[in-house]
Amino acid sequence: MNAIQKISANLSFDIGSIPTDLYIGGKWRAASTAQRAEVIDPSTGLTIASVADGSVEDGMEAVAAAYAAAPAWATTAPRKRSEILRRCYELMIERKDMIAELISLENGKALSDALGEAIYSAEFFRWFSEEAVRLNGDLYTAPSGANRILVEHQPIGVSVLVTPWNFPAAMATRKIAPALAAGCTCILKPATETPLTAFVLAQIYAEAGVPDGVVNVITTTKAGPVVSAMLHDPRVRKLSFTGSTPVGRKLLHEAADTVLSCSMELGGNAPFIVFEDADLDAAIEGAMVAKMRNGGEACTAANRFYVQKGIADAFSKRLAERMGAMKVGAGYDKATQCGPVINKTALDRIAGLVTDATKRGAKILTGGAPLDQDGFYFPPTVLQDVTADSHITAEEIFGPIAAISTFETEEEVIRAANNTEFGLISYVYTRDLSRGLRVSEKLESGMVGLNRGLVSDPAAPFGGVKQSGLGREGAHHGILEFCETKYIAVTW
Ligand code: NAD
């Protein structure tokens with residue numbers, strides 16, 4: 001049995017059956033240069049597929065296909081669009097186990113996390129199938145009484161969607177579903193590390209009745225030039241990006257040239273605050289979810305634990321016991337609770353953060369160093385007494401490391417929590433509801449989990465403040481990101 005056959009033995013599908021070419025105008029085709037890019041299984045470090053490595057020319061063809069499909073899709077009845085989106089949801093749910101295995105295969109996350117993602121990503125189609133027929137405008141009388149003010153929401157136009165590897169399905173559907181619901185056509189540029197999930201979902205959209213050219217998928221190792229060319233094409237009217245803050249900043253500069261509408265979902269550095277009056281059992285459960293969902297590779301991952309002095313030792317000890325007991329292994333192995341990180345670069349970066357923190361005085365309660373085996377494994381790690389000057393408190397960890405510091409007063413912890421350029425999400429645990437709400441309002445983040453370790457919900461507005469982003473995805477806000485507001489002054 002060769003290596004690929006061994007990996008395949010864990011899967012219910014044949015890796016060779018997954019499409020690997022560009023999806024443009026409803027057709028699968030190789031890149032114009034015939035170049036290919038390798039896809040690696042992080043659980044073994046082995047190459048599992050090679051996908052088309054799209055060029056600038058391919059990107060332009062995808063724009064042309066999306067532009068050609070735009071007028072018909074924009075004028076398709078909302079009910080029809082809604083039913084197609086609903087069908088996407090149903091097909092994704094029917095195939096959720098296969099989608100989960102594929103996510104685990106190319107991303108490395110534990111199968112249970114991948115199944116959670118498969119369902120979460122399908123839910124965006126269900127939610128936006130409902131929003132597609134509720135895109136209401138306004139009609140009111142001008143204060144002068146001279147005319148009526150009519151306001152409607154029109155599709156913004158061809159949208160470029162760029163997504164990261166950490167949620168290969170959900171970050172794509174969180175954009176595609178609202179774009180299609182609003183009547184926009186799009187080009188998805190998935191992360192180079194995880195293109196296969198995007199291709200399988202494209203097959204599902206076609207099967208559900210999404211017309212040719214409405215969704216196009218282009219993979220490339222030349223993300224900079226390919227995306228830049230698309231953003232400079234006047235036929236493109238929207239960029240929706242999810243990824244790191246440094247790349248987000250670059251793309252905002254690019255988008256300035258054509259004054260492009262931008263929605264940006266960027267990096268996070270979430271504080272997880274536990275007050276002495278918190279329900280400790282609930283705080284530990286919440287911490288496990290907020291830290292360990294996707295092995296810590298989530299923009300919402302708890303990055304900095306601030307625990308009030310009186311319970312800091314008890315909290316740290318219990319968290320270390322829980323994290324230390326997690327089964328680490330291949331993502332697609334059913335027993336695994338914590339899979340590998342995405343690649344060697346990530347593994348080395350995380351190891352560097354732990355070394356820096358310990359040099360500055362942090363104590364390792366469990367884990368602490370990469371595992372010496374094939375694949376990219378870092379064991380769940382708990383660090384106590386992390387100092388404020390450690391790199392781990394300033395940077396997004398994106399791995400299974402809990403960095404714990406202590407605090408004494410409410411004012412002190414709010415100051416520490418807000419001392420970052422990021423502002424995506426914060427977590428607060430306390431039994432005192434008025435304190436919980438008071439602190440939540442003072443935290444500089446777009447979202448707060450108050451006595452909850454999980455906030456993601458297609459029905460809620462997801463997004464950050466400060467350098468964590470612009471705009472919101474999900475809820476009714478999500479569809480408005482793909483609309484232009486048209487005001488018509490009417491005299492009758
Ligand atoms: P990344 O910024 O490196 O890449 C994101 C995407 O941008 C990929 O498709 C990549 O190929 C592309 N890209 C890279 N350089 C580019 C360039 N110069 N021009 C155009 N495109 C370019 O991020 P990543 O490592 O894939 O993902 C992890 C990051 O994503 C983390 O910072 C995480 O917090 C963030 N993230 C944010 C959210 C959110 O909702 N706020 C959700 C998930 C992930």
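This briefing covers the overall build of one chain, then its cysteines, two backbone outliers and several buried sites. The model is predicted. The chain has 16 helices and 20 strands. With a radius of gyration of 23 Å, close to the 23 Å that the globule rule gives for 492 residues, the chain is as compact as a globular protein of that length. Of its 492 residues, 56% count as buried.

**Overall build**

- Along the principal axes, the C-alpha atoms fill a box of roughly 70 × 70 × 40 Å.
- Among contacts with a separation of 6 or more, 72% join residues 24 or more positions apart.
- The accessible surface comes to about 19,000 Å². Carbon and sulfur atoms hold 53% of that surface.
- The chain carries 47 positive and 57 negative side chains. The centres of these two sets lie 2 Å apart.

**Cysteines**

- The disulfide count is zero, where a disulfide needs two cysteine sulfur atoms within 2.5 Å.
- Cys-88 is in no disulfide, because the nearest cysteine sulfur, that of Cys-186, is 11 Å away and the cut-off is 2.5 Å.
- Cys-88 is buried, at 0% relative accessibility.
- Cys-338 is likewise in no disulfide, because its nearest cysteine sulfur, that of Cys-299, is 17 Å away and the cut-off is 2.5 Å.
- Cys-338 is buried too, with a relative accessible area of 1%.

**Positive phi outside glycine**

- Val-259 is not a glycine, yet has a positive phi of about 45 degrees.
- The loop that holds Val-259 runs between helix 9 (245–256) and strand 11 (261–265).
- Val-259 is exposed, with a relative accessible area of 67%.
- Asn-294 is also not a glycine and has a positive phi of about 60 degrees.
- Asn-294 sits in the loop between helix 10 (280–292) and strand 13 (302–308).
- Unlike Val-259, which is exposed, Asn-294 is buried, with a relative accessible area of 3%.

**Helix 8 and its cover**

- Helix 8 spans residues 223–231. Its buried residues are Val-226, Val-227, Ser-228, Met-230 and Leu-231.
- The cover over these buried residues includes two helices, helix 2 (56–74) and helix 9.
- Strands also contribute to that cover, among them strand 7 (158–162), strand 8 (186–189) and strand 10 (236–242).
- Ser-228 lies in helix 8. Its relative accessibility is 16%, so with buried set at under 20%, Ser-228 counts as buried.
- Leaving out residues up to four places away in sequence, Ser-228 touches Ala-223 and Glu-254.

**Ile-99 in helix 4**

- Ile-99 belongs to helix 4 (residues 96–107).
- This residue is buried, with a relative accessible area of 1%.
- Beyond its neighbours within four places in sequence, Ile-99 is in contact with Met-92, Ala-118, Leu-201 and Ile-204.
- Thr-336 is 237 residues from Ile-99 along the chain. The C-alpha atoms of the two are separated by 17 Å.

**Gly-286 in helix 10**

- Gly-286 is part of helix 10, the helix that precedes the loop holding Asn-294.
- Gly-286 is buried, with a relative accessible area of 5%.
- Gly-453 is 167 residues away from Gly-286 in sequence. In space the two are 4.1 Å apart, C-alpha to C-alpha.
- Setting aside residues up to four places away in sequence, Gly-286 touches Phe-272, Tyr-429 and Gly-453.

**Ser-390 in a loop**

- Ser-390 is found in the loop between strand 15 (381–384) and helix 13 (391–394).
- Although in a loop, Ser-390 is buried, with a relative accessible area of 1%.
- Its contacts, not counting residues up to four places away in sequence, are Asp-356, Ala-357 and Arg-360.

Notes
Residues are numbered from 1 along each chain as its sequence is written. This is a predicted model: local features need pLDDT of at least 70, side-chain atom pairs count only at pLDDT 80 or more; totals for chains, interfaces and linings use all residues. Side-chain values use heavy atoms; hydrogens and water are left out. Helices (H or I, at least four residues) and strands (E, at least two) are DSSP runs, numbered from the N terminus. The radius of gyration is taken over C-alpha atoms; the globule rule is 2.2 Å times the number of residues to the power 0.38. Buried means under 20% relative accessible area, exposed over 50%, partly exposed in between (1.4 Å probe, protein chains only). Contact means heavy atoms within 4.5 Å. Accessible areas come from the Shrake-Rupley method with a 1.4 Å probe; for residues, only the protein chains shown count as cover. Lys and Arg count as positive and Asp and Glu as negative; His and the chain ends are not counted. The place of a charge is taken as NZ of Lys, CZ of Arg, CG of Asp or CD of Glu.
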